[in-house]
Amino acid sequence: MIRFAPHDDREAVVAKLARGLLFMALLTLPLAAQWNPPSAPTVHVTPVAPVTVAAGKSAQVPIRFTLTKGFHVNSNLPRSELLIPTVLTLKPPAPEVSFEITYPKGEDLSFEFAPKEKLNVYTGEFVLNIHVKAARTAATGTHRVAGDLRYQACNDRACFPPKKVPVAFDLIVKK
């Protein structure tokens with residue numbers, strides 16, 4: 001507690017208050033440095049280089065995803081209808097461009113929250129392969145392909161609300 005003598009002038013009182021506040025701030029610094037909020041799980045998309053395809057032909061586009069360590073997401077084909085599958089949605093840049101997405105096989109694992117049940121999940125890094133087909137009538141030039149990956153990340157104790165991560169790449173159509 002800061003005590004003031006009746007004869008202290010205004011500047012002395014302000015200086016004492018400032019020293020008191022500084023002292024309180026210094027006391028809380030070690031606590032602030034130790035505070036480590038829980039981090040939300042994330043899925044990171046490795047940037048995709050531009051993809052070139054000739055009109056009337058197709059190309060393969062691997063898209064690489066990396067999940068925060070200690071977390072998993074359900075595969076595209078989870079073992080239960082109650083689980084939220086990982087799904088990539090891409091919007092074709094033109095009607096003459098189509099996609100076919102191939103998902104990797106998941107890994108069967110059991111977790112603390114359901115020890116007797118095996119779940120089909122992706123962990124660490126996983127790659128989705130996109131088969132891009134451009135019709136003969138596809139307009140030449142660079143087209144931006146965009147979409148998102150919807151997933152639900154979980155750790156060994158609980159699941160987090162579903163999220164989406166944006167995915168995009170340039171598709172160059174040539175004659």
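**Exercise 1. Find how many residues lie between β7 and β8 in their hairpin.**

Start with the link: β7 and β8 make a hairpin, and two residues sit between them. Strands here are DSSP runs of E, at least two residues long, numbered from the N terminus. Next, place them: β7 covers residues 107-111 and β8 covers residues 114-123. Then check the pairing, which needs at least two bridges found by DSSP; these strands pair in the antiparallel sense over four bridges. Finally, pick a partner: Leu109 stands opposite Leu119 in β8.

A word on the model: it's predicted, so local features need pLDDT of at least 70, side-chain atom pairs count only at pLDDT 80 or more, and totals for chains, interfaces and linings use all residues. Residues are numbered from 1 along each chain as its sequence is written, and side-chain values use heavy atoms, with hydrogens and water left out.

**Exercise 2. Work out the strand order of the open sheet of four strands.**

Read across and you get β2-β12-β10-β5, with mixed pairing. The edges are β2 (51-54) and β5 (87-91), each pairing on one side only. Now zoom in on β2: it pairs with β12 (residues 163-174) in the parallel sense over four bridges. There, Thr52 stands opposite Ile172 in β12.

**Exercise 3. Say which cysteines form a disulfide, and give its handedness.**

The cut-off is a pair of cysteine sulfur atoms within 2.5 Å. Cys154 and Cys159 qualify, with their sulfur atoms 2.1 Å apart, and the count comes to one disulfide. The torsion about their S-S bond is about 100°, so the disulfide is right-handed. As for burial, Cys154 is buried at 1% relative accessible area, while Cys159 is partly exposed at 40% (buried is under 20%, exposed over 50%, partly exposed in between, with a 1.4 Å probe and protein chains only).
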